[in-house]
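User: Please go through the descriptive terms used for the model below. For each one, I should like to see the value set against its definition.

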There are 2 protein chains.
Amino acid sequence: MADQLPRKTSRIQQRNRRRILDAALDVFSAHGFRGATLDQIAEQAGLSKPNILYYFDGKEEIHVTLLSQLMETWLDPLIALDPAGEPLTEILAYVQRKLDMSRDLPRESRLFANEILQGAPRMDPHLRADLKPLFDDRCAVIRAWMDAGQLAQVDPRHLIFSIWATTQHYADFQAQIEVLLEGEEPIDAASQFLQTMFRNLLTPGQRTAPA
Amino acid sequence: MADQLPRKTSRIQQRNRRRILDAALDVFSAHGFRGATLDQIAEQAGLSKPNILYYFDGKEEIHVTLLSQLMETWLDPLIALDPAGEPLTEILAYVQRKLDMSRDLPRESRLFANEILQGAPRMDPHLRADLKPLFDDRCAVIRAWMDAGQLAQVDPRHLIFSIWATTQHYADFQAQIEVLLEGEEPIDAASQFLQTMFRNLLTPGQRTAPA
DNA sequence: CGTGTTTTTGACCATTTGGTAAATCCACGA
DNA sequence: TCGTGGATTTACCAAATGGTCAAAAACACG
C-alpha cells in the first residue's frame, strides 16, 4: 500500500513542529522578522533553542514556512468569491469573511502586514505566483458584473484594495484602535459600517431615501 | 535680548542632526526599530557610528525623536478639518490630504505603521495624549453634521478608521500594490475611487441615477 | 597665529544572537 | 532487559551590534 516510506513524521515531531510554528507566529507577528529572536520563540514554545534548530534549519526557514502556510489562508476568502453568485451578496460576504479573519487571526494579519511593510522580501515570489493571478481573475469577474449593470462602475482593483485595507486595519492597527475606542470591541460596529459603505458604493442606480 | 544662552545649535549641528534623522527615517521605516542598525543609519547618513552617538544618546533616542516629529505631521490633516466648513467637502478634502501624504511621505507612513503594528510600545502615550482628544473632538464634529442631516448617519469612528485604512494602505502595502498593478502609479485612480466611495457613503438622501 | 572648543575618528568592549557539536536521554521493539 | 535511533540538552562559538573613550582633527575667533 502507499505511504510506506520510512516513518515520515512521528507523533512527537508533528506536535513539536506545530508548537514551534505557533510560538513563532506569536513572536514574528509581534516583533517582525529581525526583531524576533530564536530564544523568544524557544521560550514561547517551551523548548530549548537547539531543540528548535533540530526541527527547523534556522530562523529563516521557520519564517518562510509560516509565510507559505499564511498565503493559503490569505487567499481562501477571495477564492471563495463565487462568480456564479449574486454580485452584491458575494462582495459583502467577502468583506465579512475578511473582517472575521481580522478578529480571529490577528497574528496572521500582522505577520503578513510586517512582511509587506518591509517590502515583501520573502513573499514577493508568492505574491507574483499565487496572489497576482487570482487578483486578476477576481478583478475580471467583478468587472463583468459591473459591465452587466449588476454593480456600480468603480475600479475593481481599488475596490479590492479598499476591502483589504479596511478589514485588515482592525487587526494591524489594533493597538491604536484600542486606545481610541477605549477597549470597546470594534468588530460588530465595523461590520455594520463596512456593509453599509460597500453596499452604498456598489448598489447600481437609485438609493432609497432615508427615513 | 532673549536667546542669549550659549550657542544653542551650530549650523553644522543642525545639518548633521537633520541628516541623521533623515537616514534613520529611511532605515527604521524599511526595517522596523529592531531591524534597523546604527551602522546602517550611519552609512546612510554618511557619518561614522560614533559620530551619530555624538548627536544622539542612542538608537532609542533617534527613534523617539522621529516618532515625536511624526505625530505632528500625522495630526495636521485631521486638525485642518474645519468644523465651520461644508461637511462633505471637508471630509473629502481630508481623504485627499491623507492620500497625498501616502504618496509624498511613504516613509513616515511606514514608520507609523511599524510602530503601531508592534503594539505602539513607544507611541502609546502620544496616542493617548495627542491623538485621542483630537479624535474624540473630530468624531463629535462629524456626529453633529450627521445629526443636522448634512451627512448620512454612520459611525464617525469607523468612518475615520476607514479613511486612515484606505489611504495609508497605498504607502504601507506599496510592495504588494506594485506587484498587483505592475508598477502603475495608483494614486490618481485611488483618489477617484475613494472620492466616489466616501461621497456615496456620506451623501444624505437620494443619489442621482447613473447615465 | 594661538588657543580653547566643537566635531570626528579609530580602537575597543560587552552583550546578544543565530547557529553548532557532542554528549545524554529516552521510548520502544526484539 | 538491552540495544538503537530519534529527541533533547549542555557547553560553546563567531558574528553582529549598541555603545564607550581618549585622542586627533577641524574649527572659531581674538
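**Two copies, one interface**

User: How do you know that the copies meet through the same surface?
Analyst: Of the interface residues of chain A, 100% are also interface residues in chain B, so the copies meet through the same surface. Contact here means heavy atoms within 4.5 Å. The model is predicted: local features need pLDDT of at least 70 and side-chain atom pairs pLDDT 80 or more, whereas totals for chains, interfaces and linings use all residues. Residues are numbered from 1 along each chain as its sequence is written, chains are lettered from A and ligands numbered from 1 in the order written, and side-chain values use heavy atoms, without hydrogens or water.

User: Why is the relation between chain A and chain B that of a two-fold axis?
Analyst: Two copies of a chain are related by a rotation about an axis and a shift along it. A rotation of 180° with 0.0 Å of shift superposes chain A on chain B, with an RMSD of 0.0 Å. That is the relation of a two-fold axis. The fit is by least squares on C-alpha atoms of residues with pLDDT of at least 70 in both copies.

User: What makes up the pattern of chain A?
Analyst: The pattern is α-α-α-α-α-α-α-α-α-α, in keeping with 10 helices and 0 strands. Helices (H or I, at least four residues) and strands (E, at least two) are DSSP runs numbered from the N terminus. Buried residues account for 54% of the 211 residues in chain A, where buried means under 20% relative accessible area with a 1.4 Å probe on protein chains only.

User: How does the reach of helix H10 of chain B compare with the expected value?
Analyst: The expected span is 1.5 Å times one less than the number of residues. Helix H10 (residues 187-202) of chain B has 16 residues and reaches 22 Å from its first C-alpha to its last, close to the 22 Å expected. Its buried residues include Phe193(B), Leu194(B) and Phe198(B). The buried residues of H10(B) pack against H8 and H10 of chain A, together with H5, H7 and H8 of chain B.

User: Which residues are the closest to DNA strand D?
Analyst: They are Ser10(A), Gln13(A), Tyr54(A), Tyr55(A) and Leu38(B), among 17 residues that surround the strand. Near means that a heavy atom of the residue lies within 4 Å of the strand. Sugar and phosphate provide 61% of the strand D atoms that come within 4 Å of the protein. By class, this surface has 7 nonpolar, 7 polar and 3 charged residues.

User: What makes the approach of Gln13(A) to DNA strand D a polar contact?
Analyst: A polar contact is a pair of N or O atoms within 3.5 Å, and the polar side-chain atom of Gln13(A) lies 2.8 Å from a phosphate oxygen of DNA strand D, so the pair qualifies. Tyr54(A) places a polar side-chain atom 2.7 Å from a phosphate oxygen of that strand. Lys49(B) has one 3.0 Å from a base nitrogen of DNA strand D.

User: Where do polar atoms of the protein approach DNA strand C?
Analyst: A polar backbone atom of Leu38(A) is 2.8 Å from a phosphate oxygen of DNA strand C. Phosphate oxygens of this strand also lie 2.9 Å from a polar side-chain atom of Arg34(B) and 2.6 Å from a side-chain N or O atom of Tyr55(B). In total, 18 residues surround DNA strand C.

Note on methods
Polar contact = N/O pair within 3.5 Å; in protein donor to acceptor, adjacent residues only side chain to side chain. Nonpolar A, V, L, I, M, F, W, Y, C, P; charged D, E, K, R; others polar. Buried < 20%, exposed > 50% of the residue type's maximum accessible area, 1.4 Å probe, protein only.
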